[in-house]
Amino acid sequence: MKISLPDVNVLFALMTASHQHQSVALAWMSQREPASVAICRVTQMGLLRLLTNPKALPEGAFTMTRAWQFMNEAFSDRRIFF
C-alpha cells in the first residue's frame with residue numbers, strides 16, 4: 001500500500017467547504033485506502049494556523065478550541081493516521 005503525506009494546502013482544501021479546490025481534494029481522498037494518509041506535526045500545525053486565520057477563512061475563522069475539535073473529528077477518518 002502507498003502512504004501519502006499531503007501538504008497542508010491539500011488538508012485545508014479537504015476541510016474547507018468554500019475552498020476552490022475542495023472537489024479535487026475530495027476526489028483524491030476518495031481513492032485512498034485505510035491508514036494510507038499520514039499527518040505529521042508540521043502539517044497539523046499549519047492546518048491549525050490556517051483554520052484560525054480570518055484572512056484564510058474570511059467567512060468565519062475558528063477559535064483554537066474549535067479548530068482542534070474540527071481536526072480531531074476529521075482525523076477520525078480511517079484513512080488518516082498520525
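What is the accessible surface of the protein, and how much of it belongs to carbon and sulfur atoms? In the predicted model analysed here, the accessible surface amounts to about 5200 Å², and carbon and sulfur atoms contribute 59% of that area.

The protein contains 4 helices and 2 strands, arranged from the N terminus in the order α-α-β-α-α-β. The radius of gyration is 12 Å, close to the 12 Å given by the globule rule for 82 residues, so the protein is as compact as a globular protein of that length. Along the principal axes, the C-alpha atoms fill a box of roughly 40 × 25 × 20 Å. Of the 82 residues, 35% count as buried. Among contacts with a separation of 6 or more, 65% are accounted for by residues 24 or more positions apart. As to charge, the protein carries 8 positive and 5 negative side chains, and the centres of these two sets lie 4 Å apart.

Burial was then examined by helix. Helix α3 spans residues 41–51, and its buried residues are Thr 43, Gln 44, Gly 46, Leu 47, Leu 48, Leu 50 and Leu 51. The cover over these buried residues includes α1 (8–15) and α4 (64–74).

In helix α4, the buried residues are Ala 67, Phe 70 and Met 71. Viewed down the axis of α4, these residues fall within an arc of 100°, so they line one face of the helix. The buried residues of α4 pack against α1 and α3. Helix α4 thus appears in the cover of the buried residues of α3, while α3 in turn is packed against by the buried residues of α4. Helix α1 takes part in both arrangements: α1 is included in what covers the buried residues of α3, and the buried residues of α4 pack against α1.

A single position in helix α2 was also considered. Gln 22 lies in this helix, which comprises residues 22–30. The relative accessible area of Gln 22 is 17%, and the residue is therefore buried, the cut-off being under 20%. With neighbours within four places in sequence left aside, Gln 22 is in contact with Ala 13, Leu 14, Met 15, Thr 16 and Ala 17.

Notes. Residues numbered from 1 in each chain as written. Predicted model: local features only at pLDDT ≥ 70, side-chain atom pairs only at ≥ 80, totals over all residues. Heavy atoms only, no water. Buried < 20%, exposed > 50% of the residue type's maximum accessible area, 1.4 Å probe, protein only. Contact = heavy atoms within 4.5 Å. Rg over C-alpha atoms; globule rule 2.2 N^0.38 Å. Areas by Shrake-Rupley, 256 points an atom, 1.4 Å probe, with all protein chains shown as cover. Lys, Arg positive; Asp, Glu negative; His and termini not counted. Charge placed at Lys NZ, Arg CZ, Asp CG, Glu CD. Arc of directions from axis to C-beta.
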